Amino acid sequence: MAKTHRRRPELAAFLRSRRARVTPADVGMEPGLRRRTPGLRREEVAQLSGVGVTWYTWLEQGRPINASSQVLDAVARTLGLGQPEREHLYDLAEVPFTHDYESAAPAVGPEIQEILDALDPIPAVVYSARFDILAANRMYRDLFLIPGTAATGGGRMGNALWSLFVVDEDVCQLLFRESVLPTMVATLRSGYGRHVGEPAWEDFIRRLSQASEYFAGLWRNGDVAPLGPRVKTFRHGAVGELRMTSVSLSVNGMPDCRIVVHRPDDEETSARVSRLRDLSR
């Protein structure tokens with residue numbers, strides 16, 4: 001209750017400040033002769049948003065009224081809010097905010113790719129919550145990207161889960177899959193909770209379940225796991241086994257995406273990675 005009480009004045013101040021910066025010309029209206037301020041009036045925001053004047057007035061006064069996501073979206077469009085401002089509006093109004101991931105496919109900028117390449121031969125990748133591969137360095141591609149599977153995933157280079165579940169174990173460089181894959185599927189489900197019903201997610205899960213009975217069984221288990229460090233062992237043709245710990249890092253401007261870096265988990269692996277670095281030079 002105390003938190004709500006503090007948020008309402010913040011909501012009122014935020015809406016007033018955003019309204020003040022939108023001119024009538026911005027929304028295709030005549031400025032009029034008796035306008036005292038350059039911004040929109042409350043009744044104009046209400047009319048343009050398709051809501052009642054009294055309701056919007058109460059919202060801007062910070063009164064304890066309920067607001068739906070549809071109404072907040074309409075107000076956000078009228079006030080020209082960008083995504084960070086729109087998310088802030090939702091937080092202040094205490095309405096759950098959902099990112100529009102499907103319409104805003106994240107693009108990995110060159111600066112992120114440079115970071116990934118600089119880490120080579122440490123495997124590094126940018127994943128979506130669905131394990132779509134959005135960018136990767138050479139070492140990651142050597143260990144994870146299996147010929148013939150890239151076209152089936154939603155990312156620019158395929159999908160890590162698809163690569164791991166639809167190929168024979170002999171082809172896959174990941175060892176001890178029986179302990180790693182259940183955790184990856186449980187992590188997938190933790191992301192799925194934010195996307196239930198989205199066509200891209202539902203189609204991906206349906207197709208992968210059809211392609212892999214093992215995945216289908218793990219998915220039916222319903223297990224959920226948060227993001228966190230994971231230990232994986234890979235087989236590399238030049239240096240042998242590599243025992244790596246994965247670390248996840250968030251990426252600014254790319255909600256629901258993360259950089260995953262696989263760092264050596266022991267001294268022997270560190271020595272083998274150093275040997276790979278010397279070979280690449």
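This report describes the strands, the aromatic contacts and one helix pair of a predicted model.

**The sheet and its hairpin**

Six strands make up an open sheet, running in the order β2-β1-β6-β5-β4-β3, and the pairing within this sheet is antiparallel. The edges are formed by β2 and β3 (174-175), each of which pairs on one side only. At the β2 edge, β1 and strand β2 (residues 133-136) pair in the antiparallel sense over three bridges, and Tyr-127 stands opposite Ile-133 in β2. These two strands, β1 and β2, form a hairpin with four residues between them, and in the turn Phe-131 has a positive phi of about 65°. Elsewhere in the sheet, strand β5 (residues 240-250) and strand β6 (residues 257-264) are joined in the antiparallel sense over seven bridges, with Ser-250 standing opposite Arg-258 in β6.

**Aromatic pairs**

A pair of aromatic rings is described by the distance of the centres and the angle of the planes. The structure holds seven aromatic pairs, and among them is the edge-to-face pair of Tyr-127 and Tyr-140. Tyr-127 lies in strand β1 (residues 124-128) whereas Tyr-140 belongs to helix α7 (residues 138-144), so this pair ties together parts that are 13 residues apart in sequence. Both Tyr-127 and Tyr-140 are buried. In the pair of Tyr-192 and Trp-201 the planes stand at 40°, so this pair counts as tilted; Tyr-192 is buried, and Trp-201 is buried as well. The values for these two pairs are set out below.

| Pair | Centre to centre | Angle between planes | Class |
|---|---|---|---|
| Tyr-127 and Tyr-140 | 6.1 Å | 75° | edge-to-face |
| Tyr-192 and Trp-201 | 6.1 Å | 40° | tilted |

Tyr-192 and Trp-201 also belong to a cluster linked by ring pairs, whose other members are Phe-165, Tyr-214, Phe-215 and Trp-219.

**Arginines over rings**

Two contacts between an arginine and a phenylalanine can be added to this picture. Arg-258, the residue that faces Ser-250 across the pairing of β5 and β6, lies over the face of Phe-131, at 4.8 Å from the ring centre; Phe-131 is the residue with positive phi in the turn of the β1 and β2 hairpin. Arg-130, in turn, lies over the face of Phe-204, at 6.0 Å from the ring centre.

**Helices α4 and α5**

The axes of helix α4 (residues 69-79) and helix α5 (residues 83-93) come within 10 Å and cross at roughly 135°. That angle makes α4 oblique to α5, and the crossing of the two helices is right-handed. Within α4, the residues Leu-72, Asp-73, Ala-74, Val-75, Ala-76, Thr-78 and Leu-79 are buried, while Gly-80, just after α4, takes a positive phi of about 65°.

**Arg-272 in α12**

Is Arg-272 buried or exposed? Arg-272, which is found in helix α12 (residues 267-280), has a relative accessibility of 19% and therefore counts as buried, the cut-off for a buried residue being under 20%. Arg-272 and His-236 are 36 residues apart in sequence, and their C-alpha atoms are 9.8 Å apart in space.

Terms used:
Residues numbered from 1 in each chain as written. Predicted model: local features only at pLDDT ≥ 70, side-chain atom pairs only at ≥ 80, totals over all residues. Heavy atoms only, no water. Phe/Tyr/Trp six-rings, centres within 6.5 Å; stacked < 30°, edge-to-face > 60°. Buried < 20%, exposed > 50% of the residue type's maximum accessible area, 1.4 Å probe, protein only. Lys NZ or Arg CZ within 6 Å of the ring centre and 35° of its normal. Pairing = 2+ DSSP bridges. Axes fitted to C-alpha atoms, helices over the stretch in contact; angles between N-to-C directions. Parallel < 35°, antiparallel > 145°, perpendicular 65-115°, else oblique. Left-handed = near helix turned anticlockwise from the far one by under 90°.
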